[in-house]
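Subject: Handing over the structure

Hi there,

Thanks for agreeing to take this one on. Here is the structure, and my notes come right after it.

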Amino acid sequence: MSFFEITHKDNTSLARTGIIHTDHGDIETPIFMPVGTQATVKGLNTNNLNSIGAQIILANTYHLHLRPGEDTINEFGGLHNFMKWDKPILTDSGGFQVFSLGKQKEKKEGTNAYPLVKIDDEGVTFRSHIDGSEHRFTPKSAIETQHKLGADIIMAFDECTPDEADSTYTKKAMERTHRWAKECLDTHKKNTKHHGYNQFLFGIIQGANHKNLREESAKIISSMDFDGIAIGGESVGYNMEATKNILDWVNPIIPEDKPHYTMGLGHSPKDLFDVVEKGIDIFDCVSPTRMARNGTLFVHKKISNTYRINITNAVHKRDKITIDPLLENSPVGHYSRAYLHHLFNTSELLAYSIASMHNLYFLLNLSKQIREAIKENRFQELKNEWI
RNA sequence: GUGGCUAUGGUGUAGUGGUAACACAGAGGCUUGUGGUGCCUUUAUCACGGGUUCAAUUCCCGUUAGCCACC
């Protein structure tokens with residue numbers, strides 16, 4: 001049985017359904033992946049995740065390296081046993097967090113805060129955002145750390161350059177990312193079953209918003225023996241016009257028979273259609289859960305004539321209807337807006353759980369609808385209802 | 001009853017003879033390979049009445065309210 005299997009192709013676009021086979025179960029694609037950076041999707045336990053239909057969740061190498069440390073998790077036989085989640089997990093390599101730390105440094109410029117991040121050809125030296133202690137990631141160490149963490153899908157260690165970087169630097173960083181990709185692959189091939197089950201490694205295409213660089217990156221990453229292809233970059237998921245252009249550039253080059261992953265995409269339900277249409281199978285985003293924690297909830301447009309509401313708004317103080325009347329099958333579909341408004345107003349912990357479950361269910365349910373639509377050759381029809 | 005002190009937005013506090021600053025609360029917006037975080041906008045005829053002054057939230061008098069002390 002191969003790792004990835006395409007089960008149906010749309011007849012009017014590159015959209016497809018598929019199954020990713022892992023030793024912790026199958027993943028039906030296209031699918032949104034909830035983010036659980038520190039081995040927890042904030043506010044939700046694994047029963048909650050099962051109830052909303054989560055098939056795979058993310059965790060983060062950078063955060064788990066700092067706390068509790070990969071060796072602790074290794075002693076538990078990996079993340080699955082540590083957090084008691086027996087379905088698939090994907091870990092990000094930490095490349096993007098390094099990029100984020102670099103961005104923070106820019107913001108604090110002038111306060112003589114010394115750099116949190118230093119990148120060289122062999123790896124990255126950075127300071128912990130928690131206690132300022134110094135750490136270093138190399139392609140080899142990032143993979144070895146991810147082996148110990150034990151996710152089913154692990155990511156190559158890359159450098160995500162800011163969009164505003166000049167093309168000379170972007171090219172240099174991209175070429176370095178390609179060298180690192182090979183080192184990651186070499187390290188991984190020596191030990192693909194650290195905990196006894198298979199771990200699969202994805203490569204990441206960079207090149208910012210330059211067509212020639214994206215094409216070059218797509219060519220090189222595609223030529224390597226990765227199990228899946230990710231598209232990274234600051235614009236991906238953030239600037240949807242740029243994201244669509246990037247996908248158009250790389251699509252003729254990347255292998256069709258490997259899973260395609262847009263990293264950091266899923267801010268708005270509408271965004272799913274834009275990338276699924278261009279052959280993307282998996283995507284993740286912190287935004288739905290972060291927005292949830294701040295009271296912004298997805299709703300069907302036909303209910304409120306908007307695709308999201310802010311439950312903390314005063315109009316919901318006595319609002320009798322449920323969060324989204326079209327989602328009453330959701331595990332949290334029976335709660336009234338007034339109740340959730342009250343929970344936020346009093347900062348009750350349950351507010352974050354209910355809101356997070358709602359937004360995640362919204363996207364997981366939409367992913368399911370998209371899969372069904374593709375199988376029934378009515379993807380465009382469903383898309384038209386949503387845009 | 002007498003004396004003293006205080007009165008600034010919903011709350012707690014700044015401040016000035018040229019119509020007010022901050023925090024929280026309130027109202028609204030934002031958050032994109034996650035700090036439950038952070039950011040932005042907005043919200044006051046400075047207790048009431050009178051006086052001095054070109055100009056009073058600021059100085060003076062009175063009223064009212066609160067607090068303290070004494071009888």
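Below is what I found, going from the overall fold down to single residues.

First, a word on what you are looking at: this is a predicted model, so please read everything here in that light.

**Overall fold**

Chain A contains 15 helices and 16 strands. Its radius of gyration is 21 Å, close to the 21 Å that the globule rule gives for 387 residues, so the chain is as compact as a globular protein of that length. If you lay the C-alpha trace along its principal axes, chain A spans about 60 × 50 × 45 Å. Of the 387 residues, 47% count as buried. Sequence separation is worth a look too: among contacts between residues at least 6 apart in sequence, 66% join residues at least 24 apart.

**Two domains and where they meet**

The domain assignment splits chain A into domain 1 (4-282) and domain 2 (292-381). Their C-alpha centres lie 27 Å apart. The contact between them takes 26 residues from domain 1 and 22 residues from domain 2. On the domain 1 side, strand E2 (16-22), strand E4 (31-33), helix H1 (46-51) and helix H10 (269-276) each supply at least two residues. H10 gives the most to that side, with 3 residues. By residue type, the side of domain 1 that touches domain 2 divides into 11 nonpolar, 11 polar and 4 charged residues.

**The nonpolar core**

The largest nonpolar core has 98 residues, and the members that touch the most others are Met33, Ile57, Ala156, Phe202, Ala230, Ile231 and Phe283. Helix H14 contributes the largest share of this core, 14 residues. Both domains take part, as the core draws at least three residues from each of domain 1 (4-282) and domain 2 (292-381).

Ile231 is a good place to zoom in. Leaving out residues up to four places away in sequence, Ile231 touches Ile205, Val236, Ile246, Leu247, Val250, Tyr261, Thr262 and Met263.

**Around the RNA**

How many residues surround RNA strand B? There are 41, and the closest are Cys160, Gly264, Val286, Thr289 and Asn294. Helix H5 (95-107), helix H11 (287-293) and helix H14 (349-375) each supply at least two residues of the surface near RNA strand B. H11 provides the largest share of that surface, 5 residues. H14 therefore appears twice in these notes, as a supplier of the surface near the RNA and as the source of the largest share of the core. The residues of this surface divide into 15 nonpolar, 20 polar and 6 charged.

**A closer look at Phe126**

Phe126 lies in strand E8 (residues 124-127). Is Phe126 buried or exposed? Phe126 has 22 other C-beta atoms within 10 Å, and 20 or more is the mark for a buried residue, so Phe126 is buried. Not counting residues up to four places away in sequence, Phe126 touches Val98, Leu101, Leu116, Val117 and His135. Val98 shows how the chain folds back here: Phe126 and Val98 are 28 residues apart in sequence and 7.4 Å apart in space, C-alpha to C-alpha.

**Backbone features to look for**

Most residues other than glycine have a negative phi, and most peptide bonds are trans. With that in mind, here are four places to visit.

- The peptide bond from Thr29 to Pro30 is cis, with omega near 0°. Pro30 sits in the loop between strand E3 (25-29) and E4.
- The peptide bond from Arg67 to Pro68 is also cis, with omega near 5°. Pro68 is in the loop between helix H2 (61-66) and helix H3 (70-75).
- Ala39 has a positive phi of about 60° although it is not a glycine. Ala39 is placed in the loop between E4 and H1, and it is buried, with 20 other C-beta atoms within 10 Å.
- Lys84 has a positive phi as well, near 60°, and is a residue other than glycine. Lys84 belongs to the loop between helix H4 (79-83) and strand E6 (89-92). With 11 other C-beta atoms within 10 Å, Lys84 is exposed.

Happy exploring, and do write back with any questions.

Best wishes

How values were computed:
Residues numbered from 1 in each chain as written. Chains lettered and ligands numbered in written order. Predicted model: local features only at pLDDT ≥ 70, side-chain atom pairs only at ≥ 80, totals over all residues. Near = placed C-beta within 6 Å. Helix = DSSP H or I, 4+ residues; strand = E, 2+ residues; numbered from the N terminus. Nonpolar A, V, L, I, M, F, W, Y, C, P; charged D, E, K, R; others polar. Core = buried A, V, L, I, M, F, W, Y, C linked by C-beta atoms within 7 Å. Buried ≥ 20, exposed ≤ 12 C-beta atoms within 10 Å, placed from the backbone. Domains from an automatic or database assignment. Contact = placed C-beta atoms within 7 Å. Rg over C-alpha atoms; globule rule 2.2 N^0.38 Å.
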